[in-house]
Amino acid sequence: MPTMQHHFSLKNYNSFGIDVSAALYATPETIEELKGVLDQYDFTNLPYLVMGEGSNLLFKGDFEGLVLNPRMKGIELVEDESGQVVVRVGAAENWDSWVEYATRQGWFGLENLSLIPGSVGSAPVQNIGAYGVEMKDHFAWLEAWDLQQKLPVRLNGEDCRFDYRSSIFKTNARGRYIITHVAFRLNKQPQLQLNYGPVKEAFTKSRGATPMDLRNSIIKIRNQKLPDPGEFGNAGSFFKNPLVDRTIFKCIRVDYPEIPNFHDKENCVKIPAAWLIETAGWKGKRTGKVGTWPTQPLVIVNYGGVTGQEILDFSEQIRHDVDKKFGVYLEREVNVV
Ligand code: EPU
């Protein structure tokens, strides 16, 4: 039977490095152990939080309930067809180690998602994405414990309703499932995705590039632009890139003809939140020990000893100023607990 730890410090278990604790903390390594935890705790009436490596979370204070950290490990080849493989991966595997392993094995498609912090089990929750690729593009299915039916279930892509940084796990089924394994469909032949601006630039002169070259290039781009959470606590992009109505976009463009934008769904335009934040005067701005990263203002950084509430207050000021200046509401990407 897995033991639950009491008053467990989460300081080293959230990438913002916020000094908070969990009243209870459990790390089941198998479905049997998970069932053991479920038997010991009243999940229907008491607060609980399922977390992986804590790289997309902001704790406002101590968590007065159970933090459940599924520790299912393992990488298993489950289908090997002519051009593709399906690989089942334990939720607790580190995302980037998995991407590196897959690339070395000759299982391709995830290279653009290199160096994204977090665990495999968290990847479907916000449908992680970077440099023109989203996790959903290579998702096969996942296994989860359904707290409602009290059964293990298998969900396919349609069930998960993946969208830009979203899925049922963040919306109408929030808190219902504990993801234990994720399966990916990968290609045996490389199909490099080089369309995203900085990636395209890095590959203009290199012929015969391999998926490992692409992975290394992505790592270099990320290291140049984004803070290392090991050095400066952060949770990646704090806000999502907002989708705005085309008429609102046209109004903003009257005053800011240079506004970058991407066509999204019909009559909607995606505007980089980084541009809105920078233009509202928040790039590289620091208040005490919290600030936006100088080369990517969408990332909010803990410069040491800051509380979750201070980060939240800082982010609310950004949100307020962007709204006031452009009439655009920034939705948080990070989960606040
Ligand atoms: N920009 C500025 N000022 C800046 C930086 C960027 O105006 O200081 C504008 C530029 O117009 C630039 C555009 O923002 O072309 C996009 O910037 P970038 O390529 O850095 O990407 P992003 O939209 O800011 C998104 C993801 C990142 C992901 C990158 C690369 C979201 C919320 N964020 O950022 O994901 O790495 O694209 O694909 O969609 C994360 O989710 O934690 C994350 C880091």
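## Exercises: the ligand shell and the second largest pocket

Among the 24 residues around the ligand, the nearest are Tyr131, Tyr164, Tyr196, Glu278 and Lys283. Here a residue is near a molecule if one of its heavy atoms lies within 4 Å of it. The model is predicted: local features need pLDDT of at least 70, side-chain atom pairs count only at pLDDT 80 or more, and totals for chains, interfaces and linings use all residues. Residues are numbered from 1 along each chain as its sequence is written, and side-chain values use heavy atoms, without hydrogens and water.

**Exercise 1.** Find the polar partners of the ligand's oxygen atoms.

*Solution.*
- Step 1. Apply the cut-off: a polar contact is a pair of N or O atoms within 3.5 Å.
- Step 2. Check the backbone. An N or O atom of the Ser237 backbone is 2.8 Å from a ligand oxygen.
- Step 3. Check side chains. A polar side-chain atom of Gln296 sits 2.9 Å from an oxygen of the ligand. For Lys225, a side-chain N or O atom is 3.2 Å from a ligand oxygen.
- Step 4. Add the burial. The ligand alone exposes 820 Å², and the protein buries 81% of that (Shrake-Rupley method, 1.4 Å probe).

**Exercise 2.** Place the ligand within the fold.

*Solution.*
- Step 1. List the elements giving two or more residues to the shell: strands E8 (129–130), E13 (233–237) and E19 (296–302), and helices H5 (211–225) and H7 (273–279). These are DSSP runs (helices H or I, at least four residues; strands E, at least two), numbered from the N terminus.
- Step 2. Sort by class. The shell has eleven nonpolar, six polar and seven charged residues.
- Step 3. Bring in the domains. Domain 2 (75–187) and domain 3 (233–336) both contribute to the shell, so the ligand lies between them.

**Exercise 3.** Describe the lining of the second largest pocket.

*Solution.*
- Step 1. Take its volume, about 660 Å³.
- Step 2. Find the centre. Of 29 lining residues, Leu49, Val50, Met51, Val125 and Asn335 are closest to it.
- Step 3. Assign elements. Strands E3 (48–50), E12 (177–187) and E20 (335–336) each give two or more residues. E3 supplies the largest share, three residues.
- Step 4. Sort by class: 15 nonpolar, ten polar and four charged.

Definitions and conventions
A polar contact is a pair of N or O atoms within 3.5 Å; within protein, one must be able to donate a hydrogen and the other to accept it, and residues adjacent in sequence count only if both atoms are side-chain atoms. Ala, Val, Leu, Ile, Met, Phe, Trp, Tyr, Cys and Pro count as nonpolar, Asp, Glu, Lys and Arg as charged, and the others, Gly among them, as polar. Domain bounds come from an automatic or database domain assignment. On a 1 Å grid over the protein atoms alone, a cavity is a set of points where a 1.4 Å probe fits but cannot get out, and a pocket is an open set with protein on both sides within 12 Å along at least five of seven lines; lining residues have an atom within 4 Å of a point. Grid points are joined across faces, edges and corners, and a volume is the space filled by probe spheres set on the points.
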